[in-house]
Amino acid sequence: MSSNNDQPDGDVSRRDFLKGAGVASVVGVTGATIAEQGLNNLELVDDPIGSYPYRDWEDLYREEWDWDSISRSTHSVNCTGSCSWQVYVKNGQVWREQQANDYPRFDENLPDPSPRGCNKGACFSDYVDADQRVKYPLRRTGERGEGQWERISWDRALTEIAEHVIDEVTEGRYDAISGFTPIPAMSPVSFASGTRLINLLGGVSHSFYDWYSDLPPGQPITWGHQTDNAESADWYNADYIIAWGSNINVTRIPDAKYFLDAQYNGTKRVGVFTDYSQTAIHTDEWLSPNPGTDTALALGMARTIVDEGLYDEAHVKEQSDMPLLVREDTGKFLRASEVPGLGADVENPEKVMVMQDGDGEPRIAPASLGDRADKYDPSKSIELDFDPQLAVEEEVTTTDGQVPVRSVWVNLREELSNYTPEYVAEETGVGERTHRKIAREFAESDAAKIIHGKGVNDWYHNDLGNRAIQLLTTLTGHIGRNGTGVDHYVGQEKIWTFNGWKNLSFPTGSVRGVPTTLWTYFHAGILNNTDEQTRSMIQESVNEGWMPVYPEERGDGFRPDPSTMFVWRGNFFNQAKGNVAIEENLWPKLDLVVDINFRLDSTALYSDIVLPAASHYEKTDLNMTDMHTYVHPFTPAVEPLGEAKTDWQIFRELAAKIQDLAERRDIDPIDDRKFDREIDLQSLEDDYVRDWLTEEGEGDGALADDEAAAEFILEHSTESNPDDGGEITFADTVEQPQRFEAAGDHWTSDIEEGEAYAPWKDFVQDKEPWPTFTGRQQYYIDHDWFLELDEQLPTHKRPPEQQDQQEYPLRYNTPHGRYAIHSTWRDNEKLLRLNRGEPVVFIHPDDAQRRGIEDGDRVEIYNDLSEIEAIAKVYPSADPGTVQLPFGWEKYQFPNRENFNSLVPMYMKPTQLVQYPEDSGEHLHFFPNFWGPTGVNSDVRCDVRPKEGGDN
Ligand code: SF4
């Protein structure tokens with residue numbers, strides 16, 4: 001290397017360069033100069049960088065770090081991430097985003113919560129001005145899906161919608177008006193905007209958590225709760241983690257650090273995945289059960305824990321239903337009312353279960369439903385003042401005479417006796433020694449947890465799978481403490497700021513909620529497309545009023561079709577399982593489909609009117625998740641593009657238009673058929689912007705804009721405004737993400753400073769009754785239908801299959817993808833470049849070779865419902881016999897508009913349609929997103945063939 005002193009003399013400065021060929025060899029390795037080498041055709045020039053004419057582009061890089069303003073925002077895409085971002089704006093354009101780095105720490109022993117983010121969020125700025133944006137109100141001029149539109153004014157769009165809605169309401173068909181929007185936690189103001197209007201109109205609000213098969217039905221069945229999870233920081237507190245079908249490294253990117261860093265804390269991590277997933281590669285041991293056999297694997301592990309005495313006896317006796325007695329003649333729990341002399345001191349002995357103490361005397365199970373006035377009562381305790389026997393098998397004297405009984409424990413042991421190591425190995429493909437070793441290690445850890453993913457939930461028998469996996473934590477007592485439990489992270493079931501959100505969304509308190517799976521499949525014709533047993537059970541559930549379907553049956557027995565659907569913040573049509581039936585049967589019933597969207601997705605394409613919504617960087621809202629305990633905001637970095645408006649603005653203006661037209665027509669209030677209320681269209685906007693929780697008059701006009709709605713949520717929620725703590729305001733969230741101060745009644749533990757949130761402490765540590773029939777973690781369900789289907793206890797059943805195995809030898813699976821969150825970003829250029837740019841199907845090399853398919857070939861995936869086209873990715877990590885097509889691709893990204901859901905039939909499991917107890921339903925009753933049938937999609941078969949004339 002030369003110093004400055006080595007520069008040649010003369011006119012040539014030290015920045016002069018040589019122009020011409022061979023610049024790099026100006027001085028050769030021998031040290032000979034150019035002249036000496038005879039390269040006389042080279043000439044010295046001035047600094048080429050300085051004189052190069054095309055240099056403006058360099059400013060792009062220099063000015064990347066230059067901006068006019070920074071706003072705090074995030075993404076509302078049902079990712080559960082809830083990551084705070086700084087959005088940089090220059091010259092009125094969103095220039096880029098950067099992860100915020102200011103989540104306050106609450107426990108220095110845990111990894112820093114900052115930053116959070118993923119590859120998708122890192123390029124949301126692409127969407128702000130993207131071609132896919134809807135800039136103006138559009139009205140369909142061709143057939144649905146044809147893509148023929150005309151631009152119309154806001155006034156015209158709102159007038160047409162308002163006139164249609166007024167007709168429906170005045171004709172009494174308000175319950176034919178539906179509103180579908182998912183996941184309030186990701187943007188509760190936007191969620192509430194349309195839900196509030198639908199509620200005021202007497203319309204129908206749709207569930208989403210069960211429809212997406214995110215709800216784990218086993219949790220309400222066993223724990224009486226929708227779901228409750230530890231925040232992801234608690235993973236770091238575990239000594240042992242089983243990632244069971246949860247592909248954390250793909251679907252929980254902002255939280256993966258806790259899983260990855262836990263290894264430095266000495267945590268053993270086991271993966272249960274059918275394929276060698278992106279998370280499996282980071283685990284200490286990988287178990288690969290055959291598809292649909294998770295239940296058998298879990299029950300085999302449970303058998304090991306029980307047989308080898310590795311269970312936590314004290315926990316099982318106090319916290320579970322294992323000591324309860326069951327009549328062998330009926331299969332029902334023995335009730336205190338059936339045992340002479342027992343139950344005199346309880347309010348309703350017919351709903352009180354019975355145990356047997358060490359002396360063989362029958363004792364009531366404290367805090368059974370009948371011991372707490374048939375309701376949840378935290379003042380009651382499940383703590384026992386006697387030591388019940390676990391293993392009871394004998395005859396007892398009852399009001400019906402001598403009756404043989406057995407404890408749940410004995411019944412469970414009999415069930416588990418089926419899961420011999422040989423059977424488990426044969427059924428699941430996981431070796432005898434392997435599954436028993438993992439069971440022992442799990443049981444013997446101080447704090448062990450299971451991270452439960454969607455891989456288990458997508459099966460028809462998902463409830464059995466959930467219950468079997470939950471059983472492992474109950475048997476071992478790995479529940480109700482930090483570092484333990486079943487953390488089920490699939491979708492976002494609930495919202496921290498529940499009370500504020502609920503009152504904003506449903507101001508009247510009279511809600512027509514509907515289980516979306518039932519509503520959708522009912523109107524898409526499932527009664528004519530399922531087996532007789534399922535058909536009659538669906539009908540019975542509806543007739544009994546266990547599950548509602550709207551529009552309601554009228555007095556004359558006539559049930560109208562749904563007529564109107566509003567979709568916002570979701571892509572209902574594209575993401576709907578049973579897609580063929582929905583397109584053919586449900587969609588034509590709808591006279592008006594209105595989609596409110598920032599991009600033209602498939603639902604928009606198949607709608608009648610599309611209204612342009614503000615994107616995530618153009619609006620005000622809140623954002624939270626059960627993966628952490630913070631709240632942070634959306635704030636508008638730029639004005640909405642074109643004529644776009646925020647969801648709150650749009651629905652408020654629609655309310656104003658309806659009110660205006662109703663006033664002009666002098667439409668009288670209409671009596672609601674079901675609730676004690678009137679639907680008053682002449683006061684619709686006034687009611688929309690009124691704060692219903694303040695005194696009459698004082699709240700008028702209070703909720704005029706998005707920020708006022710956000711403040712309303714924070715003010716009226718325990719988590720952000722606890723009785724004994726400081727209030728979190730919207731301005732606080734803009735300043736920095738705020739950790740919640742407390743947990744409301746819909747959570748099962750408190751939020752404590754210095755501690756990650758972990759659920760179930762109210763029951764395990766404080767001994768409150770679990771909100772189940774028995775007041776305990778309940779593995780035995782004595783509902784008639786469970787008994788009839790032989791599912792009173794968790795048991796392994798083979799998946800039902802509507803397609804013939806010989807004809808369609810491959811399983812078909814549609815997991816979450818790495819380059820999109822559901823359908824969002826599926827059309828993003830940057831992310832398309834990171835994968836193959838169009839729908840891809842992953843196929844094992846053996847399956848591909850057998851079919852003459854090579855990597856990159858265009859193929860058809862088909863079954864008796866449809867056929868779809870994709871590019872084959874020959875993937876050695878795939879599970880042989882299963883093809884995977886990561887879901888979320890838009891219908892219009894498939895050549896024939898048949899998408900990944902076109903191969904999926906309509907499935908509905910009868911055990912998820914029940915009310916329990918049958919007469920009153922305190923344990924299981926329909927509640928949106930809490931209890932209802934799930935829309936499953938893994939029990940599908942197909943085959944794959946090269947596309948004729950494709951790019952082979
Ligand atoms: S898309 Fe979701 S996970 Fe990704 S950065 Fe945004 S909020 Fe986080």
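**Entry 1: Lys135**

I looked up Lys135 and counted 13 C-beta neighbours inside 10 Å, so I entered Lys135 as partly exposed. I note that the model is a predicted one. I then placed Lys135 in the loop that joins helix H4 (125-128) to strand S6 (138-140).

Which residues does Lys135 contact, leaving aside its neighbours within four places in sequence? I listed Pro612, Leu641, Gly642, Glu643 and Ala644. I also checked Val392, which lies 257 residues from Lys135 along the chain, and found 69 Å between the two C-alpha atoms.

**Entry 2: Helix H16**

I turned to helix H16, residues 462-476. At 1.5 Å a residue, its 15 residues should span 21 Å, because the expected span is 1.5 Å times one less than the number of residues. I found its end C-alpha atoms 22 Å apart, which agrees.

Is H16 mostly covered or uncovered? I recorded it as mostly covered, since 15 of its 15 residues are buried. Just after H16, I noted that Gly477 has a positive phi of about 70°.

**Entry 3: The whole protein**

I counted 30 helices and 34 strands in the protein. Its radius of gyration is 31 Å, and the globule rule gives 30 Å for 952 residues; the two values are close, so I recorded the protein as being as compact as a globular protein of that length. Along the principal axes, the C-alpha atoms fill a box of roughly 120 × 75 × 65 Å.

I entered 55% of the 952 residues as buried. Of the contacts with a separation of 6 or more, I found that 73% are between residues 24 or more positions apart.

Notes:
Residues numbered from 1 in each chain as written. Predicted model: local features only at pLDDT ≥ 70, side-chain atom pairs only at ≥ 80, totals over all residues. Helix = DSSP H or I, 4+ residues; strand = E, 2+ residues; numbered from the N terminus. Buried ≥ 20, exposed ≤ 12 C-beta atoms within 10 Å, placed from the backbone. Rg over C-alpha atoms; globule rule 2.2 N^0.38 Å. Contact = placed C-beta atoms within 7 Å.
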